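Let's take a walk through this fold together, one piece at a time. Have the sequence and the model open as you read.

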Amino acid sequence: MLSIYASNLRPQPEVDAIVSATASFPERNIKKWQKIPLYGSDYVHVLHSGEIELRRTSDDLSMFTIRKQLILGISAMFYDSEHTYAIARTNAVICSIKKEDFIQLITEKNLWPQLTKVLSWYICAMGKRDDILIARSAYSVVREFLLEIHELMANHNRDINIYDYIQEYTNLARSTIIKILSDLKKGHYIVVEKGKLVSLNSLPERY
């Protein structure tokens, strides 16, 4: 599961060091659903609180959700990649730092090793996401997301419509998602009420 995988790998001391080093820069509030430009932007952003989602520019597919302090726009410091953008899933607090000021700060504070580890974490998380989605059966994808939804609801008190969530993060047709979930309900592997996952038993590896 991507959320558990990313959480277990999260380079917390490195993130803390960078966030601490940027403490003198002013914070600003971001409203829910407000976009945070990464492509063509002169800024690197430090998330202090709230929930930010990275989406694919070509089709708005949700790629990755950030729920803790983190640095946004690292890859765009040197290359203007237009493949992803950020959007606030909740009200959020960030500080935006000009790229040249951020680079100077990282250099002066000798934080390049820490920043490299954060960037490596992003790469690992995106690689894991590709492993979940690419060349996998529709059932395998749905199974992975059911396990993730169960973890989010149990440990983060998230209120999630499982049909919407799976469709938002994958390219699966809604009819395919409904068919697989319906079969799992008939097999008593899951209990769903009003689109919410109530309980989940051990899911079969194969459909």
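**A guided walk**

Start with tryptophan 33, which counts as partly exposed at 43% relative accessibility. Here, buried means under 20% relative accessible area, exposed means over 50%, and partly exposed is anything in between, using a 1.4 Å probe and protein chains only. Tryptophan 33 sits in the loop between strand 1 (28–30) and strand 2 (35–36). Helices (H or I, at least four residues) and strands (E, at least two) are DSSP runs, numbered from the N terminus. Tryptophan 33 also has a positive phi of about 75°, although it is not a glycine. Most residues other than glycine have a negative phi.

A word on what you're looking at: this is a predicted model, where local features need pLDDT of at least 70 and side-chain atom pairs count only at pLDDT 80 or more, while totals for chains, interfaces and linings use all residues. Residues are numbered from 1 along each chain as its sequence is written, and side-chain values use heavy atoms, with hydrogens and water left out.

Now to the inside. The largest nonpolar core has 36 residues, and Ile18, Ile52, Phe64, Ile66, Phe102 and Tyr122 touch the most other members. Helix 4 (residues 112–133) gives the most to this core, with five residues. A nonpolar core is a set of buried Ala, Val, Leu, Ile, Met, Phe, Trp, Tyr and Cys residues joined through side-chain atoms within 4.5 Å. Apart from the largest core lies another one, of 24 residues, with Tyr169, Ile177, Ile180 and Leu181 among them. In soluble globular proteins, nonpolar side chains tend to be buried together. Take a look at tyrosine 122: not counting residues up to four places away in sequence, it touches Leu54, Ile66, Leu70, Ile71, Leu72 and Ile74. Contact means heavy atoms within 4.5 Å.

Which residues of helix 2 (residues 12–21) are buried? They are Glu14, Val15, Ile18, Val19 and Ala21. Seen down the axis of helix 2, these fall within an arc of 165°, so they line one face of the helix. The arc is that of the directions from the helix axis to the C-beta atoms. On the other side of helix 2 you'll find Pro13 and Ser20, both exposed. The buried residues of helix 2 pack against strand 3 (43–49), strand 6 (70–72), helix 3 (99–108) and helix 4.

Helix 3 has buried residues of its own: Lys99, Phe102, Leu105 and Ile106. They cover an arc of only 125° around the axis, which puts them on the same side of helix 3. An α-helix has 3.6 residues a turn, so residues three or four places apart point the same way. Turned away from the buried side of helix 3 is a face carrying the exposed residues Glu100 and Glu108. As for partners, the buried residues of helix 3 pack against helix 2, strand 3, strand 6, strand 8 (92–98) and helix 4. Helix 3 is followed by asparagine 110, whose phi is positive, near 55°.

Strand 3 is home to histidine 45. Is histidine 45 buried or exposed? With a relative accessible area of 2%, histidine 45 is buried. A polar atom of its side chain lies 3.4 Å from the backbone oxygen of proline 37. Leaving aside neighbours within four places in sequence, histidine 45 is in contact with several residues, including Arg28, Leu70, Ile94 and Cys95.

Next comes strand 4 (residues 52–56): four of its five residues are buried, so strand 4 is largely enclosed by the rest of the structure. Strand 4 pairs in the antiparallel sense with strand 5 (residues 62–66) over four bridges, and with strand 7 (residues 84–88) over five bridges. Two strands pair if DSSP finds at least two bridges between them. The bridge partner of glutamate 53 is threonine 65 in strand 5, while arginine 56 stands opposite threonine 84 in strand 7. Strand 4 and strand 5 form a hairpin with five residues between them, and aspartate 60 in the turn has a positive phi of about 65°.

Finish with serine 199, in strand 10 (residues 196–200). The C-alpha atoms of serine 199 and isoleucine 106 are separated by 46 Å.

Note on methods. Polar contact = N/O pair within 3.5 Å; in protein donor to acceptor, adjacent residues only side chain to side chain.
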